[in-house]
Protein chains: 2
Amino acid sequence: MEKKNLHSSSVTVADVARHANVSKSTAARVLGGYGVTSEKVRERVQASAKALKYRPNELARSMTTGKSKTIGVVVGDIENSFFGIAVRSITDVANAHGFNVILANSDENFDVEREAVNVLVGKQVDGLIVTPASRYEIGHLENLKSENCKVVLFDREIPSLDMDTVVSDDQEAAAAVTKQLLDAGHCRLAFVTATEEKDSDADGALHIPTSSVGRRIEGFLTACNEGGIAREDSLIVLNSDPKAGLGVSISKMLDQPNRPTAILASDSHVALEIFKQAQERNIEMPSQLSLIAFHNADWTEVTRPAITVVDQPVAQMGRWSAEQLIKRIEGCTEPALRHVMKMKVINRQSVVPPA
Amino acid sequence: MEKKNLHSSSVTVADVARHANVSKSTAARVLGGYGVTSEKVRERVQASAKALKYRPNELARSMTTGKSKTIGVVVGDIENSFFGIAVRSITDVANAHGFNVILANSDENFDVEREAVNVLVGKQVDGLIVTPASRYEIGHLENLKSENCKVVLFDREIPSLDMDTVVSDDQEAAAAVTKQLLDAGHCRLAFVTATEEKDSDADGALHIPTSSVGRRIEGFLTACNEGGIAREDSLIVLNSDPKAGLGVSISKMLDQPNRPTAILASDSHVALEIFKQAQERNIEMPSQLSLIAFHNADWTEVTRPAITVVDQPVAQMGRWSAEQLIKRIEGCTEPALRHVMKMKVINRQSVVPPA
DNA sequence: TCTTTGATTGAGACCGGTCTCACAAATAAG
DNA sequence: CTTATTTGTGAGACCGGTCTCAATCAAAGA
């Protein structure tokens, strides 16, 4: 006597229609909220729907409308508070517009990212917000426009891609903050990032896959250069041993005889690790080591010294990206935007002149 | 000359079939990887698929199979590192099994949670991992089983619901850690949580909607009681003014003449706020104020004093919940499990005898 | 050589919605 | 009172897959 065997015992428009003694079309009209129906029929159908506990199958709806009301978000790692905040503001905006968010972590690994993007597109997301792990590997993003899938790039840009992008003024902020270190009198500086070391090409130039980090490094080096710092005294510390973690690179840096007197950390995780290792080594901060970190993580103001940070407007960036994406999904066709958001330095206690 | 007008220009099995000169059924068989096909045809179809850049529409697939290969995760707030870690481990397990995760934040608000659950079920998720905001409002969860949607409760239990649940030993850990404070000689204690104050009923008993917090409070009170602490010296501080935030409740507590000499913070956000306010007031820690926090947040070991914490195995809990959910989705029908994970106290420097 | 068997393939229904179109009844205009 | 409109309803195609079932064909057994 069962009616549906394999498929869930869910009730469909047809069931409601039967119960209300109307055609499937009519029931669909009132339940779907389109077309016209008479008051009487509408009430009858709604009553039946309530009685049968009808709940529309959004999948089927998406199937015919071609819009899934879902967006995909691919970030590096949701555990990182930077992305946590971003995802939060994105989901808030999305929900407010009736969208849901499918979340994927790339672990800053390009292959994982591509796979995630492909799966999400397969699931027919209406759009994608991506923090591309690499500005060089972009094949998976190139063809998305033809797939009816809009894309917004978050925090990292890929100029060749002609897509909506929100970034912060990484280069300018890094330069400004480096200059601040220089002005305080430091002349052995380091920029530390968890980005993995990639082979630099023939000319020996660094090719940092993460565009935001790359631009920060540019800003750092430019400022160092203008400040007359010798190349060997403006260190770039990358994650030389991904399996062992960034910790060993930081150890190496801190243990070298002429260690830097000031460090610029490219995110709060990095800053935390530096802070820990300095504590372990009894390196007095800020007197023996000045530190500035990107991202105003919540804990940076309770350490002693409290950490001077470059505050990235993460939530606003997230909001912008989601709003822009939804505009696109709703049909906006203006040329791709590149939205740059200004960062703000929050001066605390972790920067003083070198001993 | 366009072929598909409204719907995206995506290529379907039918397109591939036409191109490969086989029937739709046959093309579907090779592309869907089911049934049998001859080697020759298989190669031909695959070649056509490649040529046309065919990509399966997972929505359509879900439509007929009844499985969306998607799970919904409803947490309080993804910005909170506790949930960040949980969601990370959940998505990892999910992905490893071919599932995607739709994320929703409830803000610990029951109405938002119910709405989220309904939307997710409408999107035909195969299962749901929920951190229910309230153990009293459960109507939205009760009927899910009949909807072909499995559920696992994360970090909070609802005994009446008979669902798979993973929690930690909140009551025991809270009692143990309270006893530790007592043993150190404290006799004015407070338990602080961001949970909102609800009207207590006629008998004046507290009814904490968040089960984990409720059990921690029970543990705290039990230990206080056994330690002979007067009821008025075992303070429970709730979020009395949600609009203004927990900060004001903490201020009030800290500013009262007989403020507690030891505090148990129910999560790391709370602990951070307490730490900040103590710093602002020049309350010396740990000498004038001992502190223990739930959740081993990354920053708790770099503050001075470093904070003694109750380490919850968040990642393992996340993993368990995802694995259990997937087992259910795959058909497991054993009776509902209640999995309790042990927490571990990490002793650092924030607990000393009162002055 | 004729039937039996097994391997492939094609036709078409189905999932649960949306949407177009034709038709009938009711109302307005001539 | 007839004709033109409007309004509400039903029949059925469609979205892009899966899946059942019958048909075809070649190899194998009688």
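**View 1. A salt bridge links A:Asp77 and B:Arg88.** In this predicted model, the side chains of these two residues, A:Asp77 and B:Arg88, come together with 2.9 Å from N to O. The pair has company, as the count between chain B and chain A is six salt bridges. Add to the picture 26 residue pairs in polar contact between the two chains, both partners at pLDDT 80 or more.

**View 2. Here is the side of chain B that touches chain A.** Helix 4 of chain B gives the most here, with seven residues. Other elements giving two or more residues include helix 5 (81-96), strand 2 (100-105) and helix 11 (268-280) of chain B. Sort the residues on this side by type and you get 17 nonpolar, 23 polar and 13 charged.

**View 3. Chain B and chain A bury about 4,700 Å² between them.** Carbon and sulfur atoms make up 53% of that area. On the chain B side, B:Arg55, B:Leu59 and B:Arg88 lose the most area to chain A, together 15% of what that side buries. As for contacts, 53 residues of chain B meet 53 residues of chain A.

**View 4. Helix 2 of chain B (residues 24-32) has buried residues.** Which ones are buried? They are B:Thr26, B:Ala27, B:Ala28, B:Val30 and B:Leu31. Their cover includes helix 1 (13-20), helix 3 (39-52) and helix 4 (58-65) of chain B. Just after helix 2 of chain B comes B:Gly33, with a positive phi near 70°.

**View 5. Chain A is divided into domains.** Domain 1 covers 13-56, domain 2 covers 67-167 + 314-341, and domain 3 covers 170-311. Taken over C-alpha atoms, the centres of domain 1 and domain 3 of chain A are 63 Å apart.

How values were computed. Residues numbered from 1 in each chain as written. Chains lettered and ligands numbered in written order. Heavy atoms only, no water. Buried < 20%, exposed > 50% of the residue type's maximum accessible area, 1.4 Å probe, protein only. Helix = DSSP H or I, 4+ residues; strand = E, 2+ residues; numbered from the N terminus. Contact = heavy atoms within 4.5 Å. Domains from an automatic or database assignment. Buried area = accessible area lost by both parts, 1.4 Å probe. Salt bridge = Lys/Arg side-chain N within 4 Å of Asp/Glu carboxyl O. Polar contact = N/O pair within 3.5 Å; in protein donor to acceptor, adjacent residues only side chain to side chain. Nonpolar A, V, L, I, M, F, W, Y, C, P; charged D, E, K, R; others polar.
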